[in-house]
Amino acid sequence: MANEIYGLVAEFDTPGSLLRAAEGLRDFGYKKFETYSPFPIHGMDAAMGLKDSILGWIVFVFGATGLTCGFLLQTWVSVYAYKITVSGKPLFSFQAFVPVCFEVMILFSGLAAVFGMFTLNSLPELYHAMFNHPRFAIASSHGFFVSVEAEDGLYSEVETWQLLEKLGGKHIATVEA
Amino acid sequence: MKVSGTPLTGPLADKFPKIAAVVGVLGLVASLVYYTQDHHRFFYSYLTVFVFFLSIVLGGMFFVIIQHLSRAGWSVLVRRLSEHLMKNAGLMAILFIPVLFGLHDLYHWTHASEVLKDHLLQVKAPYLNIPFFLVRVVVFFGVWIWLARKFFNLSVTQDSSGDASLTLKLQKASTYGILLFALSLTFSMVDWVMSITPHWYSTMFGVYFFAGSAIAGVASISLLALILRRAGFLRDVIRHDHYHDLGKLLYGFIIFWTYVAFSQYFLIWYANIPEGTSWYGMHFLGSWNTVAHVLVLGHFVLPFVGFMSKHMRRNLKVQFVVVVWMLVMHFLDLYWVIMPNIDKSGFQLSWGDFACFLGIGGLFVSVLFARMRTVSLVPTQDPRLPESLHHHT
């Protein structure tokens, strides 16, 4: 399937021009485009029109689940399953449950944050079409790239090419899928 | 972007300090009337309010020192506000004088007849005695006034001289500054609050008060910035990004307070030794128990859930409500720590509490805003100012 096209790629000289290119694509209505830079660029999320990540909510739900699980587990163990009186305190001594509830909440939140991030970023990703582009290696040292996917509804090889040119893109090329 | 080095002007600088001073003096007169009615309770009431405003001063001092210590750039724009809060240390020293007249009412270890009957008090007498107590009072205020002067004056000097090496000097001072701060804060609270119940001790007590101070300090800085913003000062300079970070700091200390408060309670609950539990027995009695529950909810759960989202922190109306709420909760926290010693049967507000609050608070605010018209609202020559101006969260 050598003929299938992943999309177009364009190169920019500075983080600022990359930011403006992203804004240009966003304002034009493109959705499926990506930017690549050697370091994070402040304001890129807004420039690309990205919404807030839902990771926070995932972590919140898992954290709350962990808290509840930790509490229920200890309550079940101490009050119903293994009734052992410790230093004369009531079986349901919620004070003693707090540290474990806290730890289980942290554990669930931490795991949710890590694996949620992996899932949302579709990691591990063993193949990406961008690496077919011969100049892409410099994205990890001094290159600033934009790619527009062919799957985007607005994509047309000619018009998108012209838009990228207008936005100041250099070395514009198609990338094979 | 440039910042003009103008001090506070307009009604906030001219009229407001005068009105606040009048309120303060009237409040002190009213609390003097309260003193003649019930001098025993007056001193507890006064001490609670005093410690509340002292915690704002110390919270501001902590903020200043920690910014220098960590070479923070983002906070330069709000640092002068915390320097103003910290500089009120001198006023607090004067306002401490009435407490000195109430030592017999506040601390029963000052009664020689009590000490004779009490083995524990005899053991603690080398520390808990009036002369040494007074020496420590002088040391605490000496340290605070010295630190406040040093950090305030060097920062203001830089406004006019533009000497960048002063920043290094301040950074150096922050190293021993934070140690002196931590020790003086801890021991002052052991002396003035914990020794009301001299049989009881908690190694967490200083940290507990510190956590509250940090909340009070950050909340006051944010509140001050919001008041100035409302009056049209620093509108474009102190941006949502700065409020966002102040909100994060406040949020962190809310959790820290909870952590410390729970740890203190938890260890004493676990060990279940009368020396420790007697204190909580007193503070969980009657309606004080309700106050404790209100603190768990209002000092932790509500802000923890409500102020978690960045959209809430970046919303200045929400931030205003939260910082005022946290100051109220911090006051309630101190009220719950100190007042059960006199209102043993339960929570009962008195008009004397309000009188003391208006008295100390009026003077505090008056001196604060009067000072703000003398120097620039922003350290204009700080080498890290550009970093703060371009700060993005």
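## Chain B: the all-helix chain

Buried residues make up 42% of chain B, which has 393 residues. Keep in mind as you look around that this is a predicted model. Scan chain B for secondary structure and you'll count 18 helices and zero strands. Its radius of gyration is 21 Å, close to the 21 Å that the globule rule gives for 393 residues, so chain B is as compact as a globular protein of that length.

Want a feel for its outline? Taken along the principal axes, the C-alpha atoms of chain B fill a box of roughly 70 × 40 × 40 Å. Now look at who touches whom: take the contacts between residues at least 6 apart in sequence, and 86% of them join residues at least 24 apart.

## A helix to follow: H16

Pick out helix H16 of chain B, residues 316-338. This helix has 23 residues and reaches 33 Å from its first C-alpha to its last, close to the 33 Å expected at 1.5 Å a residue.

Which helices do the buried residues of H16(B) pack against? They pack against H2 (39-69), H11 (205-230), H12 (240-271), H14 (287-306) and H15 (310-314), which belong to chain B. The buried residues of H16(B) include B:Val322, B:Met326, B:Phe331 and B:Leu334. Don't expect just greasy names on that list, though: B:Gln319, B:His330 and B:Asp333 are among the buried residues too.

## One residue up close: B:Val375

Where does B:Val375 sit? You'll find B:Val375 in the loop between helix H17 (351-372) and helix H18 (385-389) of chain B. Is B:Val375 buried or exposed? B:Val375 counts as buried, because 20 C-beta neighbours lie inside 10 Å.

Leave out residues up to four places away in sequence, and B:Val375 touches B:Pro7, B:Val156 and B:Asp159. Take the pair B:Val375 and B:Asp159: they are 216 residues apart along the chain, yet their C-alpha atoms are separated by 8.7 Å.

## Chain A: helices and strands in two domains

Over in chain A, there are five helices and four strands. Reading from the N terminus, the elements go β-α-β-α-α-α-β-α-β. The radius of gyration of chain A is 25 Å, well over the 16 Å that the globule rule gives for 177 residues, so chain A is more spread out than a compact globule. Along the principal axes, its C-alpha atoms fill a box of roughly 80 × 35 × 30 Å.

The domain assignment splits chain A into domain 1 (5-52 + 130-176) and domain 2 (55-120). Taken over C-alpha atoms, the centres of these two domains of chain A are separated by 45 Å. Of the 177 residues in chain A, 20% count as buried. For contacts in chain A with a separation of 6 or more, 79% come from residues 24 or more positions apart.

## A strand with two faces

Zoom in on strand S2 of chain A, residues 33-36, where the side chains alternate. A:Phe33 and A:Thr35 point to one face and are buried, while A:Glu34 and A:Tyr36 point to the other and are not. This fits a general pattern: in a regular strand the side chains alternate between the two faces of the sheet.

What does S2(A) pair with? Four bridges join S2(A) to strand S3 (residues 144-149) of chain A, and the two run antiparallel. Across the pair, A:Glu34 stands opposite A:Ser147 in S3(A).

## Where the chains meet

Finally, check the spot where the chains touch: four residues of chain A are in contact with five residues of chain B. On the chain A side, one of these residues is nonpolar, three are polar and none is charged.

Definitions and conventions
Residues are numbered from 1 along each chain as its sequence is written. Chains are lettered from A and ligands numbered from 1 in the order in which they are written. A residue is buried if 20 or more other C-beta atoms lie within 10 Å of its own, exposed if 12 or fewer, and partly exposed in between; C-beta atoms are placed from the backbone. Two residues are in contact if their C-beta atoms, placed from the backbone, lie within 7 Å. Ala, Val, Leu, Ile, Met, Phe, Trp, Tyr, Cys and Pro count as nonpolar, Asp, Glu, Lys and Arg as charged, and the others, Gly among them, as polar. The radius of gyration is taken over C-alpha atoms; the globule rule is 2.2 Å times the number of residues to the power 0.38. Domain bounds come from an automatic or database domain assignment. The expected span of a helix is 1.5 Å times one less than its number of residues. Two strands pair if DSSP finds at least two bridges between them.
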